[in-house]
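Reader: I should like to learn how the features of a protein model are read. May we work through one example together?

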Amino acid sequence: MAQQLTLALAGTIRHDGNGGVADDLADVTGLSGWLRGQAPLLREWVDGVEPPADEQTRLDVVAVRRAVRTLFAAAVRPEPPSRADSSALLSPAEAVERLNLTAAAVPVHPVLSWPDGAAPTLAWAAEVGDIRLRLTAGLARAAIEFLSSPAREHLRACPAPRCVRYFIKDHPRQEWCKPSCGNRARVARHYQRHSAGR
Ligand SMILES: [Zn+2]
């Protein structure tokens, strides 16, 4: 869940299909659509309350995303980071501090669930409070959980032409975030080989 939410947040910066970069959080309408799309993943953090899709929320969410993409760029080293925002990142220390401070804005407590016959599970419940803070604290906590988990070692920046996506490498031979990126990369290589020979 933490992994899915963190990758979804980072993935709001994406290839626009025309060789450029699109930002799904570029305006309040974009934020509102993204929040709706992520509602199942956000439920744990905001408890069904809809966060306000306003400019302040947008700026706060984008600030968490910048920290996340900074630390994604650090996590994929020595491979190069996504090209989309590599010139607009924080220092890793600043990004870590931002995530920690944002997460600390909302206290959480552990909740044990142990349904009859099932395995016990741990969840974290947030204190009731400002919904905007709960949203950004939830995003920051998800990022902290993911970045400190072993899954981080499978994070990759897709090397396909024009792709700016980060993804989790699911099997050893996976090179691209999705098959269409692999096709595009093969076409580009083919073209390069042929134009170089002329
Ligand atoms: Zn890709």
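Author: The dialogue below takes up a helix, a pair of strands and two features of the backbone. Please note that this is a predicted model.

Reader: How does the span of helix 6 compare with what its 17 residues should give?

Author: One takes a rise of 1.5 Å a residue and compares the expected span with the distance between the end C-alpha atoms. For helix 6, residues 131-147, the expected span is 24 Å, and the end C-alpha atoms are 24 Å apart, so the two agree.

Reader: Is helix 6 mostly covered or mostly uncovered?

Author: A residue counts as buried if 20 or more other C-beta atoms lie within 10 Å of its own. In helix 6, 12 of the 17 residues are buried, and the helix is mostly covered. Among them are Arg-134, Leu-135, Gly-138, Phe-146 and Leu-147.

Reader: Against which elements do the buried residues of helix 6 pack?

Author: They pack against four helices and one strand: helix 1 (2-10), helix 3 (39-46), helix 4 (55-75), helix 5 (92-104) and strand 4 (121-126).

Reader: How does strand 3 run relative to strand 4, and how many bridges join them?

Author: Strand 3 and strand 4 are antiparallel and are joined by 6 bridges. One of the pairs is Val-108 with its bridge partner Ala-126 in strand 4. As for cover, strand 3 (residues 108-113) has 0 buried residues among its 6 and is hardly covered.

Reader: Is Ala-123 buried or exposed?

Author: Ala-123 belongs to strand 4. The cut-off for an exposed residue is 12 or fewer other C-beta atoms within 10 Å. Ala-123 has 12 such atoms and is therefore exposed.

Reader: Which residues does Ala-123 contact beyond its neighbours within four places in sequence?

Author: These contacts are Glu-44, Val-111 and Ser-113. Val-111 is 12 residues from Ala-123 in sequence, yet their C-alpha atoms are 5.1 Å apart in space.

Reader: Which values of phi, and which form of peptide bond, do most residues show?

Author: Most residues other than glycine have a negative phi, and most peptide bonds are trans. Here, a cis peptide bond joins Arg-77 and Pro-78, with omega about 5°. Pro-78 is placed in the loop between helix 4 and helix 5. Arg-162, a residue other than glycine, has a positive phi near 75°.

Reader: Where is Arg-162 placed, and how exposed is Arg-162?

Author: Arg-162 lies in the loop between strand 5 (155-157) and strand 6 (166-168). With 18 other C-beta atoms within 10 Å, Arg-162 is partly exposed.

Notes: Residues are numbered from 1 along each chain as its sequence is written. This is a predicted model: local features need pLDDT of at least 70, side-chain atom pairs count only at pLDDT 80 or more; totals for chains, interfaces and linings use all residues. Helices (H or I, at least four residues) and strands (E, at least two) are DSSP runs, numbered from the N terminus. The expected span of a helix is 1.5 Å times one less than its number of residues. Two residues are in contact if their C-beta atoms, placed from the backbone, lie within 7 Å. Two strands pair if DSSP finds at least two bridges between them.
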